[in-house]
Amino acid sequence: MPSTTSKTAFTTAWTPAHPALRDPALRLRVFWALSGLALLWPMGVLSEFKPWVLLEPGALKPALNFVGAFFPPRSDAEFLTLLLRETWRTVAMATAGLALALLLAVPLSLMSVRVLSLSSLTGRMAMGPSVLRQGVRWLLLVLRSVPELVWALVFVRVVGLGPTSGVLAIALTYSGMLGKVYADILESGEAHATSSLMRNGSGRLQAFFYGLLPQNAAELTSYTVYRWECAIRSSAVLGFVGAGGLGQLMDSSMKMFNGAEVASILLVFMALVWLADRMSAALRKNLS
Amino acid sequence: MRIFYEGYNPVLLMMVVLNAMTGNHPSAKPGAAPAVRAVSLSVAVGEQLAIIGPSGAGKTTLLHLIGCALKPTGGTLELDGQDPWQQTRRALQGMRGALFLAPQVPPLPPRQRVVTAVLAGRLPHESLWTSLRSLFYPQDIARAHRALAGFDVDEKLFDRVDRLSGGERQRVGLARALVSQASLLLVDEPLSALDPTRSQHAINTLTRAARERGATLIATLHHVDMALAYFPRIVGLRDGEVAFDLPAAQVTPAHLRALYAQRLHELTGPAGIETDTLPGAPAPAVMHCR
């Protein structure tokens with residue numbers, strides 16, 4: 001009878017005759033999946049996540065009006081000149097901020113990388129270096145946990161309105177991020193080449209330049225370019241608090257509900273991100 | 001005890017003495033039997049010694065213990081009368097600079113060029129500034145070329161390491177040992193990826209180079225006939241203990257059969273590459289998307 005056979009097939013598939021053939025990971029997987037959902041539910045409630053509000057006509061209409069004004073983007077010569085100047089200023093801000101961030105991030109990440117520890121070549125890391133590395137990690141944590149917007153608000157009060165405060169804000173937050181991720185990248189790669197050099201008596205910096213850096217150069221480069229892209233985006237946000245550049249331009253256009261100008265600025269952002277993407281791909285191709 | 005100082009790197013003569021030295025393979029579980037047990041050995045300056053034995057006998061661990069890459073759990077190591085583990089960290093690093101430990105898997109970053117990878121053998125004897133300049137433009141191309149020519153890979157001088165075959169990489173790793181100024185060369189399975197002709201050539205180059213500069217040479221070898229042909233002194237290691245320590249001429253087939261008992265197939269042909277390089281802590285998962 002077909003029904004009985006299918007039933008037996010079903011039971012044999014789900015409860016194998018041999019208990020050892022049951023995947024022991026199943027219960028744990030189900031447990032974690034359920035607890036993930038259980039955690040997510042109160043978060044949705046807390047964050048007032050009600051996507052259906054989006055579709056209410058009263059909310060939808062002004063938004064659609066604003067977006068509708070995007071077309072056509074403003075493209076007269078006067079605005080384009082302004083746009084070009086502010087774009088250049090934004091790129092300069094992001095680049096200068098990232099360069100300053102590198103000045104801080106590179107030494108800090110080298111100080112915190114465990115792979116470059118001489119004492120941990122054999123056994124546990126010595127007390128002093130271990131405390132120093134942990135301290136540097138905490139410093140990086142402090143640097144990156146303060147949002148660049150907050151730094152910018154601080155610096156706008158110190159150096160006044162303009163790109164300088166944006167540059168300094170990006171430099172501080174990004175040094176924390178870059179330092180942490182550089183250290184993570186350097187530690188996650190294959191350490192054999194580096195540890196062999198140190199085991200044969202090389203200095204730590206020599207081992208870095210001859211072992212660790214060539215091993216991880218491609219990933220470090222592509223991450224840095226990606227961060228440059230992020231710096232361009234965050235310079236837009238910083239413009240809203242008076243740090244200059246495309247962000248400030250966008251702020252004034254938004255306040256005047258000038259959708260055409262906002263659209264042009266957004267197109268420039270897309271072009272910049274595309275440029276960063278191409279640059280990263282080209283650099284990685286060069287390095288591999 | 002004669003030590004000359006060149007910078008802070010003591011130039012040692014490298015007499016090696018092991019007193020009942022015991023040590024664990026670094027990936028050994030706690031409580032496991034030590035891989036090297038109470039080994040006593042004395043190697044004179046300029047002597048050449050081959051360590052043979054079945055796989056798992058503790059050859060690699062012993063080599064790493066001598067090379068200050070592993071701290072012994074018992075007994076002592078003396079390099080020119082000094083216990084490296086009694087020194088300050090800086091002095092220990094200086095002593096490490098006077099020896100060269102070539103692991104079985106050549107430690108070459110894939111994206112590095114061969115010339116740079118070879119010249120990295122000179123790092124302990126160079127200032128940071130010189131080594132940085134050497135990254136921009138290799139400072140001693142002729143020396144790297146000479147070392148590579150000794151192993152027939154000189155035509156790969158400016159190629160990248162990841163373009164090389166396994167055997168070529170191993171020979172590049174040996175060339176790195178040749179350019180180092182170390183007075184003690186510790187070579188782990190230098191022939192594991194080489195064919196017989198290349199093996200003979202490589203071991204010839206290695207022993208001759210060590211003789212020319214008066215360096216002490218200790219190699220672990222799977223190829224028993226190579227060890228007997230090229231090394232004057234043979235140490236047979238079995239289960240972490242010295243089974244015999246004899247001049248090559250006095251090693252009889254009976255010795256070898258006893259050493260390789262139950263593993264006679266390894267006596268006739270070398271076993272495959274053991275991947276018993278020193279593993280550190282397991283690397284954390286790579287985050288590709290940040």
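A helix here is a DSSP run of H or I that is at least four residues long, and a strand is a run of E of at least two; both are numbered from the N terminus. With that in hand, read chain A from its N terminus: the elements run α-α-α-α-α-α-α-α-α-α-α. Keep in mind that this is a predicted model.

## Two chains

Chain A has eleven helices and zero strands. Chain B has ten helices and eleven strands. The table sets out some values for each chain.

| Chain | Residues buried | Contacts (separation of 6 or more) from residues 24 or more positions apart |
|---|---|---|
| Chain A | 35% of 288 residues | 74% |
| Chain B | 47% of 290 residues | 71% |

How does chain A compare with a compact globule? Its radius of gyration is 27 Å. The globule rule gives 19 Å for 288 residues, and 27 Å is well over that, so chain A is more spread out than a compact globule. Along the principal axes, the C-alpha atoms of chain A fill a box of roughly 80 × 75 × 40 Å.

## The sheet in chain B

Now turn to the strands. Chain B holds an open sheet of six strands. Their order is β7-β8-β9-β5-β10-β11, and the pairing is mixed. β7 and β11 (241–247) of chain B are the edge strands, since each pairs on one side only. From one strand to the next, the twist averages 15°.

Look inside the sheet at one pair. Strand β5 (residues 48–52) of chain B runs parallel to strand β10 (residues 233–238) of chain B, and four bridges join them. Within this pairing, I52(B) stands opposite G236(B) in β10(B).

A helix packs on the sheet as well. This is α1 (residues 59–66) of chain B. Helix α1 touches β5, β7, β8, β9 (216–220) and β10 of chain B. Its direction makes about 155° with that of β9(B).

## Two domains in chain B

The domain assignment splits chain B into two parts. Domain 1 covers 1–98 + 182–275, and domain 2 covers 107–181. Domain 1 is therefore written as two stretches, with domain 2 lying between them in the numbering. The centres of the two domains of chain B, taken over C-alpha atoms, are 24 Å apart.

How many residues does each domain give to their contact? Domain 1 of chain B gives 14 residues, and domain 2 of chain B gives 14 residues. On the domain 1 side, β8 (184–188) and α7 (196–213) of chain B each supply at least two residues. The largest share of that side, six residues, comes from α7(B). By class, the domain 1 side has nine nonpolar, four polar and one charged residues.

## Where the chains meet

The two chains also touch each other. Chain B puts 33 residues into this contact, and chain A puts in 29 residues. On the chain B side, the elements that give two or more residues are α2 (89–97), β7 (99–102) and α4 (128–136) of chain B. Which of them gives the most? That is α2(B), with five residues. Sorted by class, the side of chain B that touches chain A has 19 nonpolar, nine polar and five charged residues.

One strand links two parts of this account. β7 of chain B is an edge strand of the sheet, and β7 of chain B also gives two or more residues to the side that touches chain A.

Methods. Residues numbered from 1 in each chain as written. Chains lettered and ligands numbered in written order. Predicted model: local features only at pLDDT ≥ 70, side-chain atom pairs only at ≥ 80, totals over all residues. Contact = placed C-beta atoms within 7 Å. Nonpolar A, V, L, I, M, F, W, Y, C, P; charged D, E, K, R; others polar. Buried ≥ 20, exposed ≤ 12 C-beta atoms within 10 Å, placed from the backbone. Rg over C-alpha atoms; globule rule 2.2 N^0.38 Å. Pairing = 2+ DSSP bridges. Axes fitted to C-alpha atoms, helices over the stretch in contact; angles between N-to-C directions.
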